[in-house]
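Let's take a walk through a protein with DNA beside it. Have the sequence and the 3D view ready, and follow along as we go.

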Amino acid sequence: MPELPEVETIVRGLQRPLENRRVVRARLRPTGLYRRSSLRVGWLVGRRIVRVERVGKNAVFRFDPPGIMTVNLGMTGQLLLFSSNDPGHTAPKKHLHGRFCLEGNLELRYYDARRFGYIYVAPSCDFAKDLHIGPDPFQCDARYLKKNLEGRKAPIKSLLLSQRIVSGLGNIYADETLFDARVDPRTRGGRAVARSRRILSSARRILERAIVHRGSTIRDYRQPDGAEGGFQHLHAVYGRKGQPCVRCGTPIKKIVLSGRGTHFCPSCQS
DNA sequence: AGCTTCGCCTGCTTGC
DNA sequence: TGCAAGCAGGCGAAGC
């Protein structure tokens with residue numbers, strides 16, 4: 001599932017090929033993939049992509065004349081790049097929902113098997129207001145996190161998953177972060193305030209390492225050129241139920257927390 | 001208001 | 001072996 005490191009990798013892979021190219025044709029179906037109140041992608045035709053960037057878990061495309069498209073990949077979304085004058089490329093059609101043809105015979109395709117992703121097209125976007133997302137772990141400090149955990153009763157894991165406080169963490173990296181910080185995922189937010197600094201620095205460390213390894217491919221995630229990520233081999237807890245903790249050897253436990261599979265070491269996370 | 005659960009959706013895994 | 005139920009989960013909406 002594309003979280004911050006995966007989206008960062010995708011965005012970096014798209015910047016050079018896409019920036020400064022004009023949209024020649026754009027199509028997206030079904031309309032259920034649009035976020036409420038979004039314009040249709042046809043509105044982008046004739047506009048030039050001036051910048052590709054990441055905001056939380058969203059890939060964001062900025063255009064001139066002014067316009068913006070945000071892509072949230074949900075669980076199984078993919079943004080793949082094809083050269084339309086390369087007859088050898090065999091692009092699957094299954095789950096292909098979006099096609100963006102650009103100058104220079106480039107085609108950006110949007111695939112999403114489960115269709116949990118969504119796309120938002122608008123003249124401009126206020127991310128906090130329109131997408132309900134807060135700063136990512138690289139954009140906030142421990143004081144901010146502390147302030148937002150105070151008095152909260154929900155488990156720290158659930159609070160980290162909420163994109164409103166801190167954006168970018170999903171199920172994999174929330175588990176990995178809390179393991180790194182040695183914090184039990186069931187700890188109530190208010191009880192984790194004193195460990196805000198450690199949690200934040202763990203999040204940054206984990207995310208940086210994951211970016212270096214180009215994200216985690218569990219099943220669907222791919223880079224724009226179709227390659228898999230490599231960080232899945234370095235997970236300490238996610239997907240390691242029953243296997244020995246890399247720190248203390250205790251079997252990793254898997255529980256359900258706020259409806260999410262949650263992996264942790266019952267011995268060294270407290 | 002804060003927190004949890006539900007529904008969306010498909011494909012892989014599990015169990016009979 | 002084959003089929004159906006179970007499970008996975010990001011996110012918004014609904015429910016408590």
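Start with DNA strand B: around it you'll find Lys-94, His-95, Ala-113, Arg-114, Arg-115, Phe-116, Arg-152, Lys-153, Ala-154, Pro-155, Arg-219 and Ser-258. A residue is near a strand if one of its heavy atoms lies within 4 Å of it. Keep in mind that this is a predicted model, where local features need pLDDT of at least 70 and side-chain atom pairs count only at pLDDT 80 or more, while totals for chains, interfaces and linings use all residues. Residues are numbered from 1 along each chain as its sequence is written, chains are lettered from A and ligands numbered from 1 in the order in which they are written, and side-chain values use heavy atoms, with hydrogens and water left out.

What kinds of residues make up the surface near DNA strand B? There are six charged, four nonpolar and two polar ones. (Asp, Glu, Lys and Arg count as charged; Ala, Val, Leu, Ile, Met, Phe, Trp, Tyr, Cys and Pro as nonpolar; the others, Gly among them, as polar.) Of the strand B atoms within 4 Å of the protein, 71% belong to sugar or phosphate, and the rest to bases.

Now zoom in on some polar contacts, meaning pairs of N or O atoms within 3.5 Å; within protein, one must be able to donate a hydrogen and the other to accept it, and residues adjacent in sequence count only if both atoms are side-chain atoms. A backbone N or O atom of Lys-153 sits 2.3 Å from a phosphate oxygen of DNA strand B, and a polar backbone atom of Ala-154 is 3.1 Å from a phosphate oxygen of that strand. Arg-114 goes for a base instead: a polar atom in its side chain lies 3.5 Å from a base oxygen.

Next, swing over to DNA strand C. It has 16 residues around it, and the closest are Met-1, Asn-72, Met-75, Phe-116 and Arg-260. Here sugar and phosphate account for 53% of the strand's atoms that come within 4 Å of the protein. The side chain of Asn-72 places a polar atom 2.8 Å from a phosphate oxygen of DNA strand C. For Arg-36, a side-chain N or O atom is 3.2 Å from a phosphate oxygen, and Gly-261 uses a polar backbone atom, also 3.2 Å from a phosphate oxygen. By class, the surface near DNA strand C has six charged, five polar and five nonpolar residues.
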